[in-house]
Structure formats: structure tokens, C-alpha cells
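Biologist: I am new to this structure and would be grateful for a close look at its charged side chains. Please explain how they pair and how much cover they have, and then set them in their surroundings.

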Amino acid sequence: MFEATINMHDDHTAHNDVAAPTALLSAQGLCFDAGGQRLIDAVDLGISPGRCTVVMGANGSGKSLLLRLLHGLIVPTSGTLFWRGRPLDRAARQEQAMVFQRPVMLRRSVAANLRFALSVRGVPRAERKAREAETIALARLEHLKDKPARVLSGGEQQRLAVARALICAPRILFLDEPTASLDPASTLAIEQLIRGARESGATIILVTHDAGQARRLGDDLVFLHGGRIAETGSVGRVLDQPRSEAAQAWLGGRLFLTPTS
Amino acid sequence: MESFSAILIEAVELIVSWDPDVIEIIVLSLRVTLTAVAAACLIGFPLGAIVGAFRFPMRNGVIVAMNTLMGLPPVVVGLLVYLMLSASGPMGVLGLLYTPTAMIVAQTILVTPIVAALTRQVIEDLYNEYAEQFASLGVRPLDRVLALLWDARYSLLTVALAGFGRAVAEVGAVIIVGGNINHVTRVMTTTIALETSKGNLQLALALGLILLTIAVIVNGLLMAIRGTAARAAYV
């Protein structure tokens, strides 16, 4: 069984520190089964506040699934999630936000998409206008604010999706390949928003296939293989000197089909 | 018997002359139908949205029932409403039989399952798209229903117009509970049935032409709504 922790600034491949009191979010023995298959297997993680943790791995390794489990969108088959030291519940999700690979745009204007998030998160009415204007400016969407969100380009929609997540002022932001299939300019705009969120103190968990993006944004890296954590460490160390066979194979562009054990 | 062209000319003359009897029948038809559709939407939209946006025990049974009720035979509805509102029925004391209100009740019962079943499908499709985002934002159940209804507004207008099309063309139920009383409960469809049987084909055809015109207008509105919604990528 692989156990890993991101509660560190040195390098580890197997270290159990999930109960660390400093962890903002932690998972203990997280498993998820579907269709008779174990898709997430005994994942132990601890996410320290203020860090940007990158999750990488081949397609089908369970990255997006892990993100959904950590965010509480899917109920794990077994294992426990802790939010600030307590079992994760629905209330905890009010302090979190997620951006999906394919942005889900409500059938409303750009501004109305942001207002909806503020409304459901219970932000007082008096605050909403200022936060809306601030976030629209931050995401450079001023000229689009009255347009239907669904007519925006892919890059603009993803910028709006990130803005809608940020307007909730989340303590932790989950990003599931937010720049997949975007051009460099759109990618840069999204990365600037993510950097801004970090500077505001948000903790980031980012799923990406882009090693360059991992280096630009990430502090820690979790490498998944076959639903298990194959390796963890600082982004630079894992990308430059991968220790696990799965990470070495993936980073080297080789196929590695046998699950690590 | 007069030729078809002669009947058609007389029918058109009846329409363009704004015959007061014809106008009265049209106004009553629209009043009954629009009220019934509004009532059906008030019941059917939230009902369909709740079934579409939530999972609960026996949900599939509810969906089967809703879909089955879409095909309710109007005469059966008319008979049931008649039994309820007749002097010996449980609601006979209200004295509603042979009134426009009875016709509204019958049409509401006919149209509500159509509105609810179509709304359920529209909302379920939309919710499948929104589910993860809503879960991530922590949208509460009431907010979920309201947001889905709002975001599906163009599709729901189409649903309402489909209900209107069904109601305005209905004859079986309203003739049983309304009685087709002149100047009281006579609507376009019941008048067409009556006047055809009497051989007064001019009036029947005039009202038939008006019904067809209404159908054209409704379909034109549907196309316009779809076009507007498509331009804003709302469908």
C-alpha cells in the first residue's frame, strides 16, 4: 500500500502523516470501487494550507476521481476525509470550490453566473455587488459581463469558471485540468488567476498533464498510478528525479501498464 | 348542400365581420384555455422539476405514472370531473357544473400531466449537466429547483405552448362538464362539433379556421422562442 503526505517540504515516497494537525484536508485509507474495480486504492494524503499540490499521472490513473473524492462530490467506498481535523461534511464544502475540466455554464449572463455563486454561498446582499465587480475585473471579463455565458469562447468560459470559484473566497480550490485544450494565451490568463488565488491564501489542488504548468504553479506533486499514490515530493524533485517506476515511465514517455505494488 | 368554396367564403365573411357571437366564443375559449394552462404550469413546473432534480424511492413509478397520464382520454377526464361536480358528487355543493370553471378544472387535469412530464424531462437533462457544479457550490434543494426552472425557461415556454395546443383543441372533456350552453360555456371546439351536426358549416368552418390560425401563431411563437434561445445558447 502506498501512503503519502504533502505535509512536507522535503521529499518522500511513502510516509504517513495524515493525522497531522496542520493539514487543511487529509485523506486516510481512501478507496473507491465502481463496476467491480478498485479505482482509488488506499490513498493517504495530507494537504497543508497555502500550498499548491499538483496531481499528475496517466489517463485513467484516478486523478479526477481523487479530486472529486477529496471535494466530497463522491462518497468513498472506504476511508475517511478530514477537513481541518474533522470529518468532512457538507458544510465543509462551503469553504471549498472546484473548477471542472469542462466548465459548466449556467444559462445566464456572465455576471449572473457570478451572482448565482454568491447567492447560494449566502454572501450578504450588501457585499455582492462589490465582489462581483472585483471578480469580473480580476478575470478581465468586464466587456463580457452582460453576454450569455454559453456564447463565450472556451478560454473565456474557463476564466469565468475560475472566477466563479474564486468569488466564493474558498480556502481550498480544486482545479481539474483547467487549461486542457486551451491556447497559451488562455492558459496564461487562467494561471494568473490561480496565482492570484494563492497570493490571497487559498490552497490549491491542481490536476494537470502539463509538466511545465506543474513547475510554474506547484509546490508539491502527487503522482498517481492505477488509483494509488506512486510517489510524492516537491514538484522539481519528482519531475527531475522520479523514484517510482510509474513516474519514470510516464515522464520518460514510456508505457507502463502494470500497476505498482 | 352549398359548395365548399361558398361555405369557405361565408366563413371568412363571419370572421372579418367580427361577428359578436364568434368573438364571444373565441374569447371564452382563450379565457378557459389560458387559465387552465396557467394552472397546469403552476402545478406541473414545480412537480416536474422536483421529480427531475431529485432522487427518491418510487421515482421511476412516479415518472411512469406521469408519462401514462399524458395520454389521459379527455372524455374520461370529463366524466370524472362531471361525477365530482354533479349535484350528487363530493364537490356538487360548489355548483360548478356547466360553468367555465368546470371546464378550466377539466382542462387543467388534462394538461397538468403533459406539462409535468415534459418539464421533468427538460429539468432532468439540465440537472445532469449542472449536478456536479451545484454539488460543488452546495446549492440547497429549493435553490436547485428555482435555478433549474429559471435556466430552463425557454424550454419551459415551449412546454407551456405544447400544453396550450392540447387544451385549446380539446373537446371531449369540456363538452361533458361545460354542457356547451350558448353564451355560457360554448367554446370553439364544442361549437364546431355542434354546428357541424346542425349543418351550419359556415360557423363551424370559421371557428376551425380561427383554431388553425391560433395553431400557426403558437408554432410561430415556438420557433421564435427557440431561435432566441439558440442565439443565446440557452438550449
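Modeller: In this predicted model, R216(A) is partly exposed, because its relative accessibility of 41% falls between the limits of 20% and 50%. Its side chain meets that of D210(A) in a salt bridge, with 3.8 Å from N to O. D210(A) is likewise partly exposed, because its relative accessible area of 32% lies between those limits. Side chains of opposite charge can pair when their charged atoms come close. Over all chains, the structure holds 22 salt bridges.

Another of these bridges joins R51(A) to D220(A), with 3.0 Å from N to O. R51(A) belongs to the loop between β2 (37-47) and β3 (52-57) of chain A, whereas D220(A) belongs to strand β9 (residues 220-225) of that chain, so the pair ties together parts that are 169 residues apart in sequence. Both R51(A) and D220(A) are buried.

In chain B, K198(B) forms a salt bridge with E195(B), and the closest N and O atoms are 3.4 Å apart. These two residues both lie in helix α9 of chain B, three residues apart, which is about one turn of the helix. K198(B) is exposed, because its relative accessible area of 56% is over 50%. E195(B), by contrast, is buried, because its value of 4% is under 20%. Salt bridges can also share partners: in this way D33(A), R38(A), D41(A) and R228(A) are joined into one network.

The helix that carries K198(B) and E195(B) deserves a further word. Helix α9 of chain B spans residues 188-198, and M188(B), T189(B), T190(B), T191(B) and E195(B) are buried in it. The cover over these buried residues includes α2 (20-53), α7 (153-168), α8 (172-178) and α10 (201-231) of chain B. After α9(B) comes G199(B), whose phi is positive, near 90 degrees.

A charged group may also sit over a ring. The charged end of R153(B) does so at W150(B), 4.3 Å from the centre of the ring. As for rings paired with rings, a search of the whole structure finds five aromatic pairs over all chains. One of them is formed by Y130(B) and F134(B), whose centres are 5.3 Å apart and whose planes stand at 50 degrees, so the pair is tilted. Both residues lie in helix α5 (residues 100-137) of chain B, four residues apart, about one turn of the helix. Y130(B) and F134(B) are both buried. Ring pairs link these two with F116(A) and Y127(B) into a cluster.

The cysteines can be described briefly. The count of disulfides over all chains is zero. C52(A) is in no disulfide, and the nearest cysteine sulfur, that of C168(A), is 19 Å away. C52(A) is buried, with 0% relative accessibility, and C31(A) is buried as well, with a relative accessible area of 5%.

Finally, the setting of the chain A pairs: chain A has nine helices and 10 strands. Of its 261 residues, 56% are buried. Among its contacts between residues at least 6 apart in sequence, 67% join residues at least 24 apart. Chain A exposes about 11,000 Å², and carbon and sulfur atoms supply 49% of that area.

Terms used:
Residues numbered from 1 in each chain as written. Chains lettered and ligands numbered in written order. Predicted model: local features only at pLDDT ≥ 70, side-chain atom pairs only at ≥ 80, totals over all residues. Heavy atoms only, no water. Phe/Tyr/Trp six-rings, centres within 6.5 Å; stacked < 30°, edge-to-face > 60°. Buried < 20%, exposed > 50% of the residue type's maximum accessible area, 1.4 Å probe, protein only. Lys NZ or Arg CZ within 6 Å of the ring centre and 35° of its normal. Contact = heavy atoms within 4.5 Å. Areas by Shrake-Rupley, 256 points an atom, 1.4 Å probe, with all protein chains shown as cover. Disulfide = S-S within 2.5 Å. Salt bridge = Lys/Arg side-chain N within 4 Å of Asp/Glu carboxyl O.
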